Amino acid sequence: MSGFVSLIGAGPGDPDLLTVRAARTLAQADIVFYDALVSAETLALAPRAQRFGVGKRCGRAAIRQETIHALLIRAARRGKRVVRLKGGDPFVFGRGGEEALALAAAGVAFEVVPGLTSAVTAPALAGIPVTHRGVASAFVVVSGHAESSFRPVLESLAPGVATIVVLMGLHARAALAALLLGRGMPARTPVAILFGASTEAAAVWRGDLASLGAAVIPEAATGLPGTIVIGEVVSLADVIAARSNGSSSQWQEERRHARG
Ligand SMILES: C[S@@+](CC[C@H](N)C(=O)[O-])C[C@H]1O[C@@H](n2cnc3c(N)ncnc32)[C@H](O)[C@@H]1O
């Protein structure tokens, strides 16, 4: 019997933000290989599966990407229903494409189950639309992991044409600010950093391009993943976040209760 691999995006953390297909697939899985940012609540949706953390923050040295490929292929060849569970969307800075190519090369059957990427979801949950008529007609997502990956992209953008979203960019905030100011972006351009979006620990830093470089990460946000948003759309949170998060409706309460 040949097995099957589902490359699943787990969204930003809250299991309520999984797709229905992701939840159904997890419930049937025999084995789950998950990344560090996948929440315990999400893993609990795979009660009959063996679960293995293979991410960088899973309390051990990072497992090499090739080893993860081999683990997926071996489990599938043993006839298992395998889930590869990754934070956000598997194809957004998640190396999901490499895993799909490795499975294809090995002749293993697989599917991709997209997830809500933090690039859009973290801003949305903080009341920031990444595009907004008359304010931003595009958004650009870059990785702050290495300057060589974001510099060419940001240097090719005219100042102010698009909202800029940076994943994995906390350590690079000073370099990002210097680059954008040097490109002529106004120092007063609003900026938000969204920490642990969708989790109970969620926190937000608000400032502008002038203060981004020296932004102090709130103590409560230490160790949480952070997404940086740069652009005039950030100001819309003043109204949208205040109305959407500040008021708790009876309906929301009932939903929380139903979830348990
Ligand atoms: C390796 S990238 C993976 C991105 C993922 N594939 C996605 O689509 O969201 C990890 C980065 O995503 C962002 N991130 C993930 N979860 C987040 C969350 N709950 N809140 C804010 N940012 C998050 C952070 O920038 C973090 O460094």
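The paragraphs below walk through a predicted model, beginning with its nonpolar cores and ending with a few individual residues.

A good place to begin is the interior, where the largest nonpolar core has 27 residues. Within this core, the residues with the most contacts are Leu-154, Leu-212, Ile-228 and Ile-230. Several elements of the chain give two or more residues to this core, namely the strands S6 (139-143), S7 (163-167), S8 (190-195), S9 (203-208) and S10 (226-230), together with the helices H6 (147-155), H7 (173-182) and H8 (209-212). Among these elements, H7 gives the most, with four residues. There is also a second, separate core of 15 residues, and it includes Ala-10, Leu-18, Ala-29 and Val-32.

To see how one residue of the larger core meets its surroundings, the reader can look at Ile-228. If residues up to four places away in sequence are not counted, Ile-228 touches Ile-164, Val-165, Val-166, Gly-169, Leu-170, Arg-173, Leu-176, Val-191, Ala-192, Ile-193 and Leu-212.

Two of the helices that contribute to this core, H6 and H7, also pack against each other, and their arrangement deserves a careful look. Two packed helices are described by the angle between their axes and the distance between the axes. For H6 and H7, the angle is about 20° and the axes are 11 Å apart. Angles under 35 degrees count as roughly parallel, and H6 and H7 are therefore roughly parallel to each other. The crossing in which H6 passes H7 is right-handed. On the side of H6, the contact is made by Glu-147, Phe-150, Arg-151, Leu-154 and Glu-155, while H7 takes part through Ala-175, Leu-176, Leu-179 and Leu-180.

Helix H6 also holds Pro-152, which counts as partly exposed because its relative accessibility is 47%. Although Pro-152 and Met-185 are 33 residues apart along the chain, the distance between their C-alpha atoms can still be stated, and it is 16 Å.

The next residues to consider are two aspartates. Asp-208 is found in strand S9, and with a relative accessibility of 12% it counts as buried, since buried means under 20%. Leaving aside neighbours within four places in sequence, Asp-208 is in contact with Ala-187, Arg-188, Thr-189, Pro-190 and Val-191. Asp-14, by contrast, lies in a loop, the one between strand S1 (4-9) and helix H1 (20-28), and at 17% relative accessibility Asp-14 counts as buried too. A polar atom of the side chain of Asp-14 lies 2.8 Å from the backbone nitrogen of Asp-16. When residues up to four places away in sequence are not counted, Asp-14 touches Ser-198 and Arg-259.

Ser-198 leads to a last topic, the shape of the backbone. Most residues other than glycine have a negative phi. Ser-198, however, has a positive phi of about 80° although it is not a glycine, and its place is in the loop between S8 and S9. Phe-93 also has a positive phi, near 45°, in a residue other than glycine. Phe-93 sits in the loop between strand S4 (81-86) and helix H4 (96-106), where it is partly exposed, with a relative accessible area of 42%.

Methods: Residues are numbered from 1 along each chain as its sequence is written. This is a predicted model: local features need pLDDT of at least 70, side-chain atom pairs count only at pLDDT 80 or more; totals for chains, interfaces and linings use all residues. Side-chain values use heavy atoms; hydrogens and water are left out. Buried means under 20% relative accessible area, exposed over 50%, partly exposed in between (1.4 Å probe, protein chains only). A polar contact is a pair of N or O atoms within 3.5 Å; within protein, one must be able to donate a hydrogen and the other to accept it, and residues adjacent in sequence count only if both atoms are side-chain atoms. Contact means heavy atoms within 4.5 Å. A nonpolar core is a set of buried Ala, Val, Leu, Ile, Met, Phe, Trp, Tyr and Cys residues joined through side-chain atoms within 4.5 Å. Axes are lines fitted to C-alpha atoms, for helices over the stretch in contact, and angles run from 0 to 180 degrees between N-to-C directions. Angles under 35 degrees count as roughly parallel, over 145 as roughly antiparallel, 65 to 115 as roughly perpendicular and the rest as oblique. A crossing is left-handed if the near helix is turned anticlockwise from the far one by less than a right angle, and right-handed if clockwise.
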